[in-house]
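Subject: Structure for you to look at, with notes

Dear colleague,

I am handing over the structure we spoke about, and below it you will find my notes on what came out of the analysis. Please read them with the coordinates open beside you.

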Amino acid sequence: MNWDHLTRPEIDALDRNIPVILPVAAIEQHGLHLPLATDRMIVEYFCHKLNEDIPDKVLILPVMSVGCSEHHMDFPGTLTLQHDTFQQQAEDILGSVAALGFKNLLIYNSHGGNLAISQVIVEHFGHRHPECRIALATWWKIVADALFELNETGEGGVGHAGEFETS
């Protein structure tokens, strides 16, 4: 289920143990051949598939589209947040979810620049909200073994603007 497609009574009726997913992405350069929204499109695709396959078993928040991409600011079109801004935005969203009584939270990441700060969020938010269980998942780490078998370009094929983002 998509959080922002539901009505207030539909949200209110949900089991508070349902996993709530916060997708985080980036708007940044991906070479000359990919759109700036590549990372956002990837996480949206995976969340869409989750919603198709198990619609009543997960609750998906709107994507935090702009991530931590300062390392790409030399390339036109890149948007970035500072780590503290990204952390505050994510924790404010997750805090809203926790205030409504939801307890199982997942940050679902599609951008390498978000990894370190997302782990900080897990630790910081988890400490401040002991009633919640919070975890971080990154798409290419979840499917690493399968990607290795499909990879035709060798090491780096899963990397930024590489074979799998291009595919």
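Strands β3 and β4 pair in the parallel sense, and six bridges hold that pairing; within it, Ile107 has Leu136 of β4 as its bridge partner. Please keep in mind throughout that this is a predicted model.

On its β1 side, β3 (residues 104-109) is joined to β1 (residues 20-24) by five bridges, and these two strands also run parallel. Ile107 of β3 appears again here, since Leu22 stands opposite this residue. The pairing of β1 with β2 is parallel as well and extends over two bridges, with Ile60 in β2 serving as the bridge partner of Ile21. Taken together, the four strands form an open sheet in the order β2-β1-β3-β4, with parallel pairing. The edges are occupied by β2 (59-60) and β4 (133-138), each of which has a single partner strand, so one side of each is left without a neighbour in the sheet.

Helix α2 (residues 38-53) packs on this sheet, where α2 touches β1, β2 and β3, and its direction makes about 160 degrees with that of β1. Helix α3, for its part, lies across β1, β3 and β4, and runs at about 160 degrees to β1.

How much of β1 is buried? Five of its five residues are, so the strand is largely enclosed by the rest of the structure. Both faces of β1 are covered, with Val20, Leu22 and Val24 buried on one side and Ile21 and Pro23 buried on the other. This arrangement can be read against a general rule: in a regular strand the side chains alternate between the two faces of the sheet. For β3, five of the six residues are buried, so this strand too is largely enclosed by the rest of the structure.

Turning to the helices, α3 (residues 83-99) and α4 (residues 115-128) pack at an angle of about 40 degrees, and their axes are 10 Å apart. That angle makes α3 oblique to α4, and the crossing of the two helices is right-handed. On the α3 side the contact is made by His83, Phe86, Gln87, Ala90, Glu91, Leu94, Gly95 and Ala98, while α4 contributes Ile117, Ser118, Val120, Ile121, His124, Phe125 and Arg128. By residue class, this contact divides into eight nonpolar, five polar and two charged residues.

For the chain as a whole, there are seven helices and four strands, and along the sequence these follow the pattern α-β-α-β-α-β-α-β-α-α-α. Buried residues account for 43% of the 167 residues in the chain. Among contacts between residues at least 6 apart in sequence, 70% join residues at least 24 apart.

Three loop residues may be useful as places to start when you inspect the model.

Ser69 is found in the loop between β2 and α3, and is buried, with a relative accessible area of 0%. Leaving aside residues up to four places away in sequence, Ser69 touches Ala26, Glu28, Thr78, Leu79, Thr80 and His111.

Gln82 lies in the loop between β2 and α3, but at 41% relative accessibility Gln82 counts as partly exposed. Apart from residues up to four places away in sequence, Gln82 touches Cys68 and Glu70. The C-alpha atoms of Gln82 and Cys68 are separated by 6.2 Å, although the two residues are 14 residues apart along the chain.

Asn17 is placed in the loop between α1 (8-13) and β1. Is Asn17 buried or partly exposed? At 38% relative accessibility, Asn17 counts as partly exposed. Not counting residues up to four places away in sequence, Asn17 touches Lys103, Asn104 and Arg133. A further pair to look at is Asn17 and Lys57, which are 40 residues apart in sequence and 9.7 Å apart in space, C-alpha to C-alpha.

With best regards

Definitions and conventions
Residues numbered from 1 in each chain as written. Predicted model: local features only at pLDDT ≥ 70, side-chain atom pairs only at ≥ 80, totals over all residues. Heavy atoms only, no water. Axes fitted to C-alpha atoms, helices over the stretch in contact; angles between N-to-C directions. Parallel < 35°, antiparallel > 145°, perpendicular 65-115°, else oblique. Left-handed = near helix turned anticlockwise from the far one by under 90°. Contact = heavy atoms within 4.5 Å. Nonpolar A, V, L, I, M, F, W, Y, C, P; charged D, E, K, R; others polar. Pairing = 2+ DSSP bridges. Buried < 20%, exposed > 50% of the residue type's maximum accessible area, 1.4 Å probe, protein only.
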